[in-house]
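Reader: Could you take me through one part of this model in some detail, namely the sheets and what packs on them, and then the empty spaces? I'd like the cut-offs spelled out as you go.

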Amino acid sequence: MPFVTGEALEAIQGAPPGLEIARYWQYVAQQLPERAATLLSHAVKGLTSRGWIHPLDRLIDTSAEHLGETPEALHAAADDLRRLGLLSVGDDGRITALAGLFSTEPTDIAYVMGGDMKVYLLGPLAALAVSRALGRSGEVRARPTDGGDSRLVLGCDESGIHSRDPESICLFLAAWDGEVSPHDATRGGGLFADDDGLYAWQEARPDVHGMPLASMMFAMAATELGRDLGEALDGILHHVGNYA
């Protein structure tokens, strides 16, 4: 059965290839029940404060104490988050991905904040949106998706990306048809050191569809997309304090 159906599927079908997931999160942000947003905010606050997160059952127990909710109510909220794709949980009950942005296992893309606090990101779309979603400055640090030892750095403040090192950084956002979970789909695509790396990666994968954003388009298109998506996620990630 497809992950996305009905009205949500209609919301993404008009998006350009590669922007479907961004459109989906903007749709979800408007639909998310209040209690689910509160639980998600509490979970993300814990992850970005400690760099790790409890398994789901333990998260619900500790959240019930802090939020003044019953475990039963928070289990229902977690079900809403899983249904909408904002929470992914493994067979062992451990949370694997959260809020369209974060992976609890190491990836090639990380967000490093003050005090060297580091959280891993799901993919290039998360890299564009994370600083605005959290309202917290830092650096996206990544290894090029096409390999190599070079390090890519995106300097970020509370409003989004403001610098690139190297200036030639570009990216590819994979298309999504709603069949798999948005967290899984977000892992597609990647960040590249330059246009040559991006184009060679695409040529080697002619069956991968989506949106390439060359280096000359990054400053405008990629940063604007990150701000728009970050603002949508910001609206559901700040029900419990802030992340500073």
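Author: Sure, let's start with the open sheet of 3 strands, which is antiparallel and has the order β10-β9-β11. Its edge strands, each pairing on one side only, are β10 (190-192) and β11 (210-213). On average, neighbouring strands here are turned by 15° against each other, direction ignored.

Some ground rules before going on. This is a predicted model, where local features need pLDDT of at least 70 and side-chain atom pairs count only at pLDDT 80 or more, while totals for chains, interfaces and linings use all residues. Residues are numbered from 1 along each chain as its sequence is written, and side-chain values use heavy atoms, with hydrogens and water left out. Strands (E, at least two residues) and helices (H or I, at least four) are DSSP runs numbered from the N terminus, and two strands pair if DSSP finds at least two bridges between them. Axes are lines fitted to C-alpha atoms, for helices over the stretch in contact, with angles from 0 to 180 degrees between N-to-C directions. Contact means heavy atoms within 4.5 Å.

Back to the small print of that sheet: β9 (residues 170-174) pairs with β10 in the antiparallel sense over 3 bridges, and L171 stands opposite L191 in β10. Two helices lie across these strands. Helix α9 (residues 215-237) crosses β9 and β11 at about 50° to β9, while helix α6 (residues 124-134) lies across β9 and β10 at about 110° to β9.

α6 also takes us to the other sheet. That one is open and antiparallel, with 8 strands in the order β1-β2-β3-β5-β4-β6-β7-β8; β1 (87-89) and β8 (160-165) are its edges, each pairing on one side only. α6 lies across β3, β4 (109-113), β5 (118-121), β6 (138-142), β7 (152-157) and β8, running at about 20° to β4. Elsewhere in this sheet, β2 (residues 95-98) and β3 (residues 102-103) pair over 2 bridges, with L98 opposite F102.

For a single residue in α6, try S131. It counts as buried because its relative accessibility is 1%, the cut-offs being under 20% for buried, over 50% for exposed and partly exposed in between (1.4 Å probe, protein chains only). Beyond its neighbours within four places in sequence, S131 is in contact with Y111, R136, C156, D157, E158, G160 and I161.

Now the empty space. On a 1 Å grid over the protein atoms alone, a cavity is a set of points where a 1.4 Å probe fits but cannot get out, a pocket is an open set with protein on both sides within 12 Å along at least five of seven lines, and lining residues have an atom within 4 Å of a point. There is 1 cavity of 30 Å³ or more, and the largest has a volume of about 60 Å³. Its lining includes P124, L125, L173 and A174, and α6, β9 and α7 (182-186) each supply at least two of the lining residues.

The largest pocket holds about 210 Å³ of space. Of its 16 lining residues, W52, I53, I95, T104 and E105 lie nearest its centre. β5 gives the most to this lining, with 3 residues.

Key. Grid points are joined across faces, edges and corners, and a volume is the space filled by probe spheres set on the points.
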